[in-house]
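Open the model in your viewer and keep the selection tool at hand. We will go from stop to stop, each time picking something to select and looking at what surrounds it.

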Amino acid sequence: MSIKEFGIRVDSINLLEEVLNRTFRPKSETNQLVYSKMLEWLETCGNPIFKYVYYGSEFCSKRFPSVNEWKEMASFCQKHNKVLVMMFPPADDETTKKAKDIVCDFNDSYKLKNIEIVVNDFGILEALNCIPSLKGKLVIRLGRVLDKTYHDGRLDDREILCMYENCRVKWTEDKDWIPM
């Protein structure tokens with residue numbers, strides 16, 4: 001099996017360190033089973049090194065990490081040469097502002113090196129696209145929530161295309177949406 005890139009989604013630096021060092025010991029029976037299967041799978045793949053760290057909440061704005069938590073994870077990823085993938089959930093105005101502020105701060109602090117963003121909200125996507133200093137520096141991917149909008153039976157094709165065009169996203173030849 002030839003897999004070249006791996007990523008892991010975590011809720012804290014402590015959990016990330018334990019998983020990377022293979023010292024994580026889950027307490028519940030279900031988590032023990034899942035973790036043992038993950039270790040078996042990793043062993044089958046030749047114990048690869050994780051390159052991507054997915055951090056943040058993909059679905060819930062109430063679980064949005066604090067500025068300090070984002071900075072700790074970014075520093076950890078920078079120190080260990082990992083790509084931080086910032087996961088942004090569907091958001092209200094407050095969370096959109098937090099996301100925008102954090103990305104701008106990261107642009108100043110880390111020059112957005114080894115940082116990618118997954119957005120699940122058109123408001124966040126539009127807010128990030130409207131910051132001139134970030135133009136061409138961001139790798140933004142649409143998350144599962146936005147991908148599912150394409151299949152939303154309540155919207156016709158014209159309405160869906162309008163939503164994407166208003167946020168300056170286009171359909172590529174390989175059938176992916178990318179920010180313009």
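**Stop one: a lysine on the inside.** This is a predicted model, and our tour begins at K82. Select K82 and look for a partner of opposite charge: K82 is buried but makes no salt bridge, and the nearest oppositely charged side chain, that of E17, is 11 Å away. Which part of the chain holds K82? The residue sits in the loop that links α3 (67–79) to β3 (83–88). Now show what surrounds K82: beyond its neighbours up to four places away in sequence, K82 touches L20, I49, F50, K51, V53, C77 and N114.

**Stop two: the whole chain.** Zoom out and switch to a cartoon view. You should be able to trace seven helices and seven strands. Starting at the N terminus, the order is β-α-α-β-α-β-α-β-α-β-α-α-β-β. Colour by accessibility next: 39% of the 180 residues in the chain count as buried. If you draw contacts between residues at least 6 apart in sequence, 67% of them join residues at least 24 apart.

**Stop three: the nonpolar cores.** In soluble globular proteins, nonpolar side chains tend to be buried together. Select F88, V119 and L128, the residues that touch the most other members of the largest nonpolar core, which has 32 residues. Which elements each supply at least two residues of this core? They are α1 (13–20), β2 (52–56), α3, β3, α4 (93–110), β4 (115–119), α5 (122–129) and β5 (140–142).

Stay with F88 for a moment and show its contacts. Setting aside neighbours within four places in sequence, F88 is in contact with S57, E58, F64, W70, A99, V103, I117, V118, V119, N120 and I124. Then select Y52, V83, V85 and V118, which are among the five residues of a second, separate core.

**Stop four: two helix pairs.** Two packed helices are described by the angle between their axes and the distance between the axes. Show α4 with α5 and turn the view until you can see both axes. These two helices pack at about 35°, their axes 9 Å apart, and their crossing is right-handed. To see the interface, select T96, A99, K100 and V103 on α4, which meet G123, I124, A127 and L128 on α5.

Keep α4 on screen and swap α5 for α3. Here the angle is about 35° and the axes of α3 and α4 are 11 Å apart; α3 passes α4 in a right-handed crossing. On the α3 side, select V67, W70, K71, A74, S75 and Q78; on the α4 side, their partners are I102, D105, F106 and Y110.

**Stop five: charged pairs.** Side chains of opposite charge can pair when their charged atoms come close. How many salt bridges does a search of the whole structure find? The search finds five, and we will visit three of them.

You already have K71 and D105 on screen. These two form a salt bridge, with 3.3 Å between the closest N and O atoms. Because K71 lies in helix α3 and D105 in helix α4, the pair ties together parts that are 34 residues apart in sequence. K71 is partly exposed at 32% relative accessible area, and D105 is partly exposed at 23%.

Go next to K37 and E40, whose salt bridge has its closest N and O atoms 3.8 Å apart. This pair lies within helix α2 (residues 29–44): the two are three residues apart, so about one helical turn separates them. Both ends are partly exposed, K37 at 46% relative accessibility and E40 at 44%.

For the third, select R141 and E116, whose side chains meet in a salt bridge at 3.3 Å, N to O. R141 belongs to strand β5 and E116 to strand β4, so the pair ties together parts 25 residues apart in sequence. Is each partner buried or exposed? R141 is partly exposed, with a relative accessible area of 44%, whereas E116 is buried at 13%.

**Last stop: V139.** Select V139, in the loop between α5 and β5. V139 is partly exposed at 32% relative accessible area. Its contacts, leaving out neighbours within four places in sequence, are E116 and I117. Finally, put a distance label between the C-alpha atoms of V139 and N114: these residues are 25 apart in sequence and 9.5 Å apart in space. N114 is also one of the residues that K82 touches, which brings us back to where the tour began.

Definitions and conventions. Residues are numbered from 1 along each chain as its sequence is written. This is a predicted model: local features need pLDDT of at least 70, side-chain atom pairs count only at pLDDT 80 or more; totals for chains, interfaces and linings use all residues. Side-chain values use heavy atoms; hydrogens and water are left out. Helices (H or I, at least four residues) and strands (E, at least two) are DSSP runs, numbered from the N terminus. Buried means under 20% relative accessible area, exposed over 50%, partly exposed in between (1.4 Å probe, protein chains only). Lys and Arg count as positive and Asp and Glu as negative; His and the chain ends are not counted. A salt bridge is a side-chain nitrogen of Lys or Arg within 4 Å of a carboxyl oxygen of Asp or Glu. Contact means heavy atoms within 4.5 Å. A nonpolar core is a set of buried Ala, Val, Leu, Ile, Met, Phe, Trp, Tyr and Cys residues joined through side-chain atoms within 4.5 Å. Axes are lines fitted to C-alpha atoms, for helices over the stretch in contact, and angles run from 0 to 180 degrees between N-to-C directions. A crossing is left-handed if the near helix is turned anticlockwise from the far one by less than a right angle, and right-handed if clockwise.
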